[in-house]
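Reader: Show me the model, please. I want to know what stands behind each label.

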Amino acid sequence: MIPWTLLGTANIPNNGGELRLTQREDDFSIHLKGVRGELMNSRVHCSELALAELGCAHIQGMENTKVLVGGLGMGFTLAAALKATSISSQVVVAELVPEVIEWNKGPLGECAGRPLDDNRVLVHLGDVAELFKTKQATYDAVLLDVDNGPEGFTQANNNKLYSIESLQAIQQTLHPGGVLAIWSAWHDPKFTQQLKKARFKVETKTVRAHKGKGSRHTIYLARKK
Ligand SMILES: C[S@@+](CC[C@H](N)C(=O)[O-])C[C@H]1O[C@@H](n2cnc3c(N)ncnc32)[C@H](O)[C@@H]1O
């Protein structure tokens with residue numbers, strides 16, 4: 001069996017531990033050191049694409065739209081958001097870990113076709129939560145995939161993102177009819193209720209990790225009324 005090669009390490013802010021980038025032949029993995037587990041693997045990315053396809057379906061063909069992607073990971077969701085939006089649109093990508101952005105500028109960037117090179121992309125280096133403080137209607141879609149589901153995984157601080165207060169703040173950054181889409185490795189009916197309490201109109205979609213097969217992931221689609 002060919003071993004994985006360590007390409008880089010990074011400290012996750014707020015004592016989140018160590019993030020590692022490894023490669024085995026054409027496969028890349030971003031994971032947390034120790035037993036905490038994998039954040040992203042390049043072999044399995046259909047549901048990351050679906051996050052953008054489903055979250056941007058309502059703005060297909062529209063000009064001058066603005067989409068926020070949190071976080072960058074391997075860039076699959078960012079690439080799919082660029083594909084799903086018009087040439088006059090802007091896609092902001094928020095990434096907490098500076099090294100993840102650097103890794104995407106190297107060989108890792110090939111996985112998703114180097115979306116950072118697209119001049120419609122604006123990079124926000126920092127916590128995506130900072131962008132929800134404005135409370136001004138800014139985005140047509142917010143696509144969130146910063147953990148493995150609606151609970152803090154990359155850093156404990158992310159738990160706050162899924163609170164009612166944070167969901168209400170996110171809603172205020174959306175234009176009417178705008179969509180908050182959240183990726184999750186599991187389906188949690190309590191989180192659907194949480195989104196409803198924040199006054200979103202909610203539906204969930206089950207998507208497969210590989211085309212038509214593999215693990216079942218959930219995309220929460222929460223529309224601002
Ligand atoms: C699961 S990966 C994203 C995978 C991505 N959807 C893709 O297509 O490759 C999660 C990413 O979110 C970043 N992240 C975690 N917490 C964050 C936060 N609070 N703000 C911004 N980025 C964050 C991580 O560093 C990591 O790069």
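**Labels and their cut-offs**

Author: Asn 15 is in the loop between β1 (5-12) and β2 (17-24). Helices (H or I, at least four residues) and strands (E, at least two) are DSSP runs, numbered from the N terminus. The model is predicted, so local features need pLDDT of at least 70 and side-chain atom pairs need pLDDT 80 or more, while totals for chains, interfaces and linings use all residues. Residues are numbered from 1 along each chain as its sequence is written, and side-chain values use heavy atoms, leaving out hydrogens and water.

Reader: Why is Asn 15 called exposed?

Author: Its relative accessible area is 80%. Buried means under 20%, exposed over 50%, and partly exposed in between (1.4 Å probe, protein chains only). The value for Asn 15 is over the upper cut-off, so Asn 15 is exposed.

Reader: What makes the phi of Asn 15 worth noting?

Author: Its phi is near 55°, a positive value in a residue other than glycine. Most residues other than glycine have a negative phi, and most peptide bonds are trans. Arg 114 also has a phi near 55°. Arg 114 lies in the loop between α3 (98-105) and β7 (121-125).

Reader: What class of exposure does Arg 114 get, and why?

Author: Partly exposed, because its relative accessible area is 24%. That falls between the two cut-offs. Thr 9, in strand β1, has 37% and is therefore partly exposed as well. Glu 165 sits in helix α4 (residues 164-172). Its 58% is over the upper cut-off, so Glu 165 is exposed.

Reader: Why is Ser 86 called buried?

Author: Ser 86 has a relative accessible area of 12%. That is under the lower cut-off, so Ser 86 is buried. Ser 86 belongs to the loop between α2 and β6.

Reader: How do you know that the side chains of Ser 86 and Ser 89 make a polar contact?

Author: The contact is 2.9 Å. A polar contact is a pair of N or O atoms within 3.5 Å; within protein, one must be able to donate a hydrogen and the other to accept it, and residues adjacent in sequence count only if both atoms are side-chain atoms. The Ser 86 and Ser 89 pair falls within that limit, so the label applies.

Reader: Which residues surround the ligand most closely, and what makes a residue near?

Author: The shell has 23 residues, and the closest are Met 74, Thr 77, Glu 95, Val 128 and Asp 145. Near means that a heavy atom of the residue lies within 4 Å. β4 (37-41), α2 (76-84) and β6 (90-95) each supply at least two shell residues.

Reader: Which polar atom of Thr 77 faces the ligand, and at what distance?

Author: An N or O atom in the Thr 77 side chain lies 2.9 Å from a ligand nitrogen. A backbone N or O atom of Met 74 lies 2.7 Å from a ligand oxygen. A polar backbone atom of Gly 75 is 3.3 Å from a ligand oxygen. The protein buries 100% of the 600 Å² that the ligand exposes when taken alone. These areas come from the Shrake-Rupley method with a 1.4 Å probe; for residues, only the protein chains shown count as cover.

Reader: What makes the bond from Gly 70 to Gly 71 stand out?

Author: That peptide bond is cis, with omega near -10°. Gly 71 lies in the loop between β5 (66-70) and α2.
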